[in-house]
Amino acid sequence: MFLNSIPIFLLFFLMMPFSLIMPWKIIRVFLLAIPIVGFYQILNMELGSSYTINFMGLNLELVRFDKLTRIFSLIFCLAAFLGNLYAWHVKDKVQQVASIVYSGAAIGAVFAGDLVTLFFFWEGTAVASVFLIWARRTEGSYYTGMRYLIIQIISGLILLMGTVLHYKETGSIAFIQFELQSFASWLIFISFGIKCAFPLLHNWLQDSYPAATVTGTVILSAFTTKLAVYALARSFPGTEILIYIGAAMTLFPIFFAEIENDLRRVLAYSLNNQLGFMVVGIGIGTEMALNGTASHAFAHILYKALLFMSVGAVLFRTGTSKASELGGLYRTMPLTAIFCLVGAASISAFPLFSGFVTKSLIMDQTANQHYEFIWFVLVFASAGVLSHSGIKVPFFAFFSHDSGLRPREAPKHMLLAMGLTSALCIIIGVAPVLLYDYLPYEVNYKPYTSYHVINQLQLLCFAILSFILIKWFKMLPKEIRSINLDSDIIYRKVLPISLAYLISGLKKIASSIKELRNSSGRISIAILQKLIGSDGSISRIWSTGNMVLWIAIVLSLILILNYLTI
Amino acid sequence: MEEKELNKSKNFFSWLEDPKKTQILILIFVIFCAGLFFADFFYDRHPHFSADKIFGFYAIYGFLMFTFIIFASKVLRFFVIRSENFYGEKAVDSEEHPKEQINMGEDNVS
């Protein structure tokens, strides 16, 4: 068939030149049609197929299709479809094109069989997605987008450095499993870690997602971080350090989410916490744990998009997503409230909802592999998920005290997108086999056993009981118009201020040696001539690999310096 | 018009307006929780470690940890809270969402 002869992600990119001439009303039809065609094509693709081209002496594997690729590319197509349906009303071509290219690049990265192709798409997701933030077209979103873009590009450049070094060491650019030993593998690991929002590398996520447009955040939430989860699952399964990194990721966002006022940022923290579960699964690295990671990523993309959609609908109808301004919206937005509750139940892993059948795969493996401490952390984090995503988001938006706002119900296409996503969350929860069949390895696990259902209900219901009591005694953290400091204070305030001091100090030194300059000028030019003149030691023949490496290093430095000055 | 608006806002959540009904709901929930706690007598438990052998472990752990999260985050807030304008115009926190990107009125989506 004609469709099977072109790689899926190209479908998404083919959109770009057309979009310049087509009106937005036609583009949005394509925005829905392309993911459907992609989904269909992936379902019918043969496992093990591959497509390689030769580019400048490198064999680039544009398509490598196995079971891990299949599950992630399927959910990416699904997420693109649902996100674009939710954005049906958007007339802004910038956002339309950005979202389709962004999802195409993410799918391309999942198909990439070598590190160079991966790098290409890795940066593609960064460049395309930033337009979903800039499309808000405010000064704040411009700066936020800049910070986001620079961090994403740095992640890509570190990946490029890792790739070059790895190629020099091994002569291979294959995107396969690596041992975390050589410097090159550490670079690749850190590059993935930035996109996966590892602790202390995480702030770009909470900074940028609440700054995007109403629909942009929904689309952003699906791809970048889950692409990083995929890359880690592909390259570093069974790397023990990931278990501890993942556990830390499940923990710290809980407390920040609890006191955050902007509900979209609460969800960004909660996203970070969910990534932690997936990273733990990768760190354990058994077949079942990797199944857990893949299935949890699948379920997570859906319920997280659903939660972002419902809060987005509130923002669309009221102009704010801040808990301090909201409350009591169930009166006029009952359907959105129900969809939000479905998302909340799914992320909290209530039985019959999707989180229950996917998270338990990871929890079960943690216990079976005797990571006792980690297991307790994850159970604790499960109570934490309930506290911010399960209770806080729906409660403060739709229930709680009456804010006096009486917004209209969300538009029909948003309700349809939320309804479909809710249905998927429940279908996965009720009939997990449908999802289990598409996992990378055979699933030998039954989520619905009496002890599992009862234990989970005990955990969640008693946590809710605690919430009721704390509410009763009026001791919940108040919703206050505020922001909270996180580690981003370092690069948003501390470093720029110190840099300013440093620069003014250097200027003083410079002016004091100004007088000396005239006499010493000639000498320094002569030294430079020796180093980088036509016969200079630095300008002698360099290998291309070295050049690329140095360009990457210099670019990163420039980016970091830029960062500190914006 | 006003009455119509009011009628329109009646939906399946409207019973929440009645404090008595919410109290009954909470009572039912508390009874359900008690039942869950003592359910530990009646099924085949599968503890992984020594701690979760304790009777009612999940209920106790869930309750205590949730309480801990709330109070610990209040402590955290004491240290990290700042005004919305802390990062000034370089962040979106203190700015209004652009009016043209939201739609509080009639839908004109075709």
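Which side chains meet in a salt bridge with an N to O distance of 3.0 Å? The partners are Arg481(A) and Glu84(B). The structure that holds this pair is a predicted model.

## Domains of chain A

The domain assignment divides chain A into three parts: domain 1 covers residues 1-235, domain 2 covers 237-444, and domain 3 joins the segments 488-511 and 542-566. Taken over C-alpha atoms, the centres of domain 2 and domain 3 of chain A lie 38 Å apart.

## The interface between chain A and chain B

On the side of chain A, 92 residues are in contact with chain B, which contributes 67 residues of its own. The two chains bury about 7,300 Å² between them, and 66% of this area is on carbon and sulfur atoms. Within chain A, the residues that lose the most area to chain B are Arg136(A), Phe462(A) and Ile483(A), which together account for 10% of what that side buries.

## Polar and charged links

Five salt bridges are counted between chain A and chain B. In addition, 24 residue pairs are found in polar contact across this interface, with both residues at pLDDT 80 or more. Helix H18 of chain A, residues 450-472, gives the most to the side of chain A that touches chain B, with 17 residues. That side of chain A comprises 51 nonpolar, 21 polar and 20 charged residues.

## Strands paired across the chains

Strand E3 of chain A (residues 483-484) pairs with strand E1 of chain B (residues 81-82). The pairing is antiparallel and extends over two bridges. In E1(B), Ile81(B) is the bridge partner of Asn484(A).

Terms used:
Residues numbered from 1 in each chain as written. Chains lettered and ligands numbered in written order. Predicted model: local features only at pLDDT ≥ 70, side-chain atom pairs only at ≥ 80, totals over all residues. Heavy atoms only, no water. Domains from an automatic or database assignment. Contact = heavy atoms within 4.5 Å. Buried area = accessible area lost by both parts, 1.4 Å probe. Salt bridge = Lys/Arg side-chain N within 4 Å of Asp/Glu carboxyl O. Polar contact = N/O pair within 3.5 Å; in protein donor to acceptor, adjacent residues only side chain to side chain. Helix = DSSP H or I, 4+ residues; strand = E, 2+ residues; numbered from the N terminus. Nonpolar A, V, L, I, M, F, W, Y, C, P; charged D, E, K, R; others polar. Pairing = 2+ DSSP bridges.
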